[in-house]
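This report covers the empty spaces, strand pairing, salt bridges and surface of one protein model. The sequence and coordinates come first.

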Amino acid sequence: MFKTIALSYRLAERTVSNIVNEVCAALWHRLQPFYIPAPTVETWKNISLDYERKWQFYNCLGAVDGKHIAIRKPLLSGSSFYNYKQYFSIVLMATVDANYRFTTINVGSMGRFSDGNIFANSSLGKMLNSGSLQLPEPKPLPGQNTGTPYVFVGDEAFPLMPNLMRPYPRARVTGNYENKVFNYRLSRARQTVESSFGILTARFRVYKRPFECKLDTIDKVVLATIVLHNYLRTDILSNASIQDEDDEIAYSFDESNFSSLAPNRSRSSNEAFSIRQNFTECFNSNYGSVDWQRRAVQRGQF
């Protein structure tokens, strides 16, 4: 992986490898407290307000997704890193805010693990299950009187949980307009995480080909690129023209080296189903609907 750099600067590959390790570790150590700090209740509330204003999804704490990062087969690893798409990978699990900035990160899980195992063993999954994430108190949705928990939004790769919403399955949306509206509104909010990965891979060319270095080095490089991404996004937010340019990049990126997780088929609790129904009723009411959702549902596949 470092051979080209080593030849360009007439340095030994081991020297270049050491430099990359030290620089990436220093970037994460210095920038992480400022650009990916541990979220507080106030932080979650601000993220929720941004999602409500920009993406019309209420009580939303962020969008979550996981991606397989292609790597060269590690020595003596057998099939541990061989994923369902038939190549070797590690998994990057992350949540993002309404402005395409990463808020929580988990990197390094073996590609062979199922989506359920990866999420359950990630820091976010563990904190959601234990209730230690310091989330705001439930708040009523527009037009409703009872409090609804704050939630993350994800795709079919994630389980339906009280604090994590996923789309209705195809069998539940066929001929059901209300469920299609929910899927559309969730998809609209969830595209922020897809766009964030798109901006990340378009900006840092290291993701354009499989990593060919030690696993520890891969983790450091990924963390460094993510904290630099947040640094640049924070600086960009005040410049609308540059932000629009980045958004265009995000929608057109190639996922050939950055693949999605497999669908999740685990059972969900009655509480989670009830919360999803609350969102469905809200999005179809006069208080929570948006003017263009009927046209969008009629045009799209939700």
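The largest cavity is lined by Met 93, Ala 94, Thr 95, Thr 104, Ile 105, Asn 106, Ser 122, Ser 123 and Leu 124. Strands E2 and E3 and helix H5 (123-130) each give two or more residues to that lining. The volume of this largest cavity is about 50 Å³, and a search of the whole structure finds one cavity of 30 Å³ or more. A cavity here is a set of points, on a 1 Å grid over the protein atoms alone, where a 1.4 Å probe fits but cannot get out; lining residues have an atom within 4 Å of a point. Grid points are joined across faces, edges and corners, and a volume is the space filled by probe spheres set on the points.

The model is predicted: local features need pLDDT of at least 70, side-chain atom pairs count only at pLDDT 80 or more, and totals for chains, interfaces and linings use all residues. Residues are numbered from 1 along each chain as its sequence is written, and side-chain values use heavy atoms, with hydrogens and water left out.

**Strands around the cavity**

Helices (H or I, at least four residues) and strands (E, at least two) are DSSP runs numbered from the N terminus. Two strands pair if DSSP finds at least two bridges between them. The pairings of strand E1 (residues 60-70) include an antiparallel one with strand E2 (residues 89-96), joined by eight bridges, and a parallel one with strand E6 (residues 151-153) over three bridges. Val 64 has Thr 95 in E2 as its bridge partner, while Gly 62 stands opposite Phe 152 in E6. E2 also pairs with E3 in the antiparallel sense, over seven bridges; there Ala 94 is matched with Ile 105 in E3. The hairpin of E2 and E3 has five residues between the strands, and in it Tyr 100 takes a positive phi near 65 degrees.

How many residues of E1 are buried? Eleven of its eleven residues are, so the strand is mostly covered, where buried means under 20% relative accessible area, exposed over 50% and partly exposed in between (1.4 Å probe, protein chains only). Strand E3 (residues 102-110) is largely enclosed by the rest of the structure, because seven of its nine residues are buried.

**Salt bridges**

A salt bridge is a side-chain nitrogen of Lys or Arg within 4 Å of a carboxyl oxygen of Asp or Glu. By this rule the count comes to eight salt bridges. The table gives some of them.

| Pair | Closest N to O distance |
|---|---|
| Asp 65 and Lys 67 | 3.7 Å |
| Asp 97 and Arg 101 | 3.0 Å |
| Asp 216 and Lys 220 | 3.3 Å |

Asp 65 and Lys 67 are both buried. These two are linked with Asp 155, Arg 190 and Glu 194 in a network of salt bridges. Gly 154 lies 6.2 Å from Asp 65, C-alpha to C-alpha, although the two are 89 residues apart in sequence. Gly 154 sits in the loop between E6 and strand E7 (164-165) and counts as buried because its relative accessible area is 0%.

Asp 97 also counts as buried, at 7% relative accessibility. Asp 216 and Lys 220 both lie in helix H8, four residues apart, about one turn of the helix. Asp 216 is partly exposed at 46% relative accessibility, and Lys 220 is partly exposed with a relative accessible area of 27%.

**Pocket and nonpolar patch**

A pocket is an open set of grid points with protein on both sides within 12 Å along at least five of seven lines. The largest pocket has a volume of about 580 Å³. Of the 23 residues that line this pocket, the closest to its centre are Met 1, Phe 2, Ile 5, Val 20 and Val 206. Helices H1, H2 and H8 (215-236) each supply at least two lining residues. Which element gives the largest share of the lining? That is H2, with six residues.

Ile 5 also belongs to a nonpolar surface patch of about 470 Å², together with Tyr 9, Leu 11, Ile 19 and Val 23. Helix H1 (3-9) and helix H2 (13-35) are the elements that give two or more residues to the patch. Patches are made of residues with over 30% relative accessible area and no salt bridge; like charges are joined within 9 Å, and nonpolar side chains (Val, Leu, Ile, Met, Phe, Trp, Tyr) within 5 Å. Accessible areas come from the Shrake-Rupley method with a 1.4 Å probe, and for residues only the protein chains shown count as cover. Tyr 9 is in helix H1 and counts as exposed because its relative accessibility is 60%.
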